[in-house]
Amino acid sequence: MTKTVVIVMAMEAEAKPFVEHLQLKKDETIFLKGFKAECYAGSLDTTKVYLILNGKCHKYNVDIVGTVGGAVTTFAAIQALHPDVIINAGTCGGFKAMGGEVGSIYLCTRFLNHDRRIAIPGFDAFGVGELKTVDLNQGLLDHVGAKNGVVSTGNSLDMVKEDEHYIKLHKATCKDMEGEFTPYYEGDGWFCHSPSSSVRLSFVSNSPKGTALNHGPSTPRSRSAFEQGPLLLTSATSWGFLCSHSSRSRTLWTASTLRRRSS
């Protein structure tokens, strides 16, 4: 049974609807003094729920977005809270050419990078860093109302032609700025051993080529998605929709809810 779920988000505007919907309360006792991450705590039935924000950059006073902040915050949350499940949630770009529609949800079985181009044998594959999930549970797909997909991660909001090449090559359905780091802590991951299972929940809010970005909910429908998306996945893990797995091979999934179609 899932006892503890950690939800990691980069942006305050993205987290606000879920914090309000589940009436989570700020807990300043979780992290070391001076660490920028923020923790909001509550419960869903018998499951403890912690929403973790990367926090604000002290120099530029903006939300800490991207893989570095997400990875550091997730590591700190694992050390402090020992979660059964980690849900990384936030906005992403979607592709109309790959069947993306407003309101669609994707549970992704593959993670990769599109902006780590290292033209050295061996390092080239490491740069892409493709990680595959195992035994995606149909019960989870049905419960969330989701389709299978692929998430591609980069640390830039725009998409240059080289990024687009890798995204198309790997048939990605979602483009985000944090998802790829999530499986690094899964089972015997790249960075450390963790018993947690990992989730990425992404809401499309912009075109991958876009110059404008609207983070957070801008319509009643999108606000509902931000409230219900993490709630559905949290409840799914509480109710046992995680598939069977060995101690060395845990299930990873990425959920992407499309709010705006993009080419």
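## Exercises on a predicted model

By the sulfur-distance rule (a pair of cysteine sulfur atoms within 2.5 Å), the disulfide count is zero. The model is predicted, so local features need pLDDT of at least 70 and side-chain atom pairs count only at pLDDT 80 or more, while totals for chains, interfaces and linings use all residues. Residues are numbered from 1 along each chain as its sequence is written, and side-chain values use heavy atoms, with hydrogens and water left out.

**Exercise 1.** Classify Cys57 and Cys174 as buried, partly exposed or exposed.

*Solution.*
- Set the classes: buried is under 20% relative accessible area, exposed is over 50%, and partly exposed lies in between (1.4 Å probe, protein chains only).
- Cys57 has 22%, so it is partly exposed.
- Cys174 has 0%, so it is buried.

**Exercise 2.** Examine the phi angles of Asp45 and His82, then place both residues.

*Solution.*
- Recall the background: most residues other than glycine have a negative phi.
- Asp45 has a positive phi, near 55°.
- Asp45 sits in the loop between strand 3 and strand 4 (47–53). Helices (H or I, at least four residues) and strands (E, at least two) are DSSP runs, numbered from the N terminus.
- Asp45 counts as exposed because its relative accessibility is 61%.
- His82 also has a positive phi, about 50°.
- His82 lies in the loop between helix 2 (67–81) and strand 5 (85–94).
- At 60% relative accessibility, His82 counts as exposed.

**Exercise 3.** Describe the largest nonpolar core and the contacts of Leu51.

*Solution.*
- Define the core: buried Ala, Val, Leu, Ile, Met, Phe, Trp, Tyr and Cys residues joined through side-chain atoms within 4.5 Å.
- The largest core has 16 residues; Ile7, Met9, Phe18, Leu24 and Leu51 touch the most other members.
- Strand 1 (4–9), helix 1 (12–22), strand 3, strand 4 and strand 5 each give two or more residues to this core.
- Helix 1 gives the most, four residues.
- Now list the contacts (heavy atoms within 4.5 Å). Leaving out residues up to four places away in sequence, Leu51 touches Ile7, Met9, Ala15, Phe18, Val19, Leu24, Glu38, Cys39 and Tyr40.

**Exercise 4.** Locate Phe35 and state its exposure class.

*Solution.*
- Phe35 is found in the loop between strand 2 (25–26) and strand 3 (38–44).
- Its relative accessibility is 31%, so Phe35 counts as partly exposed.
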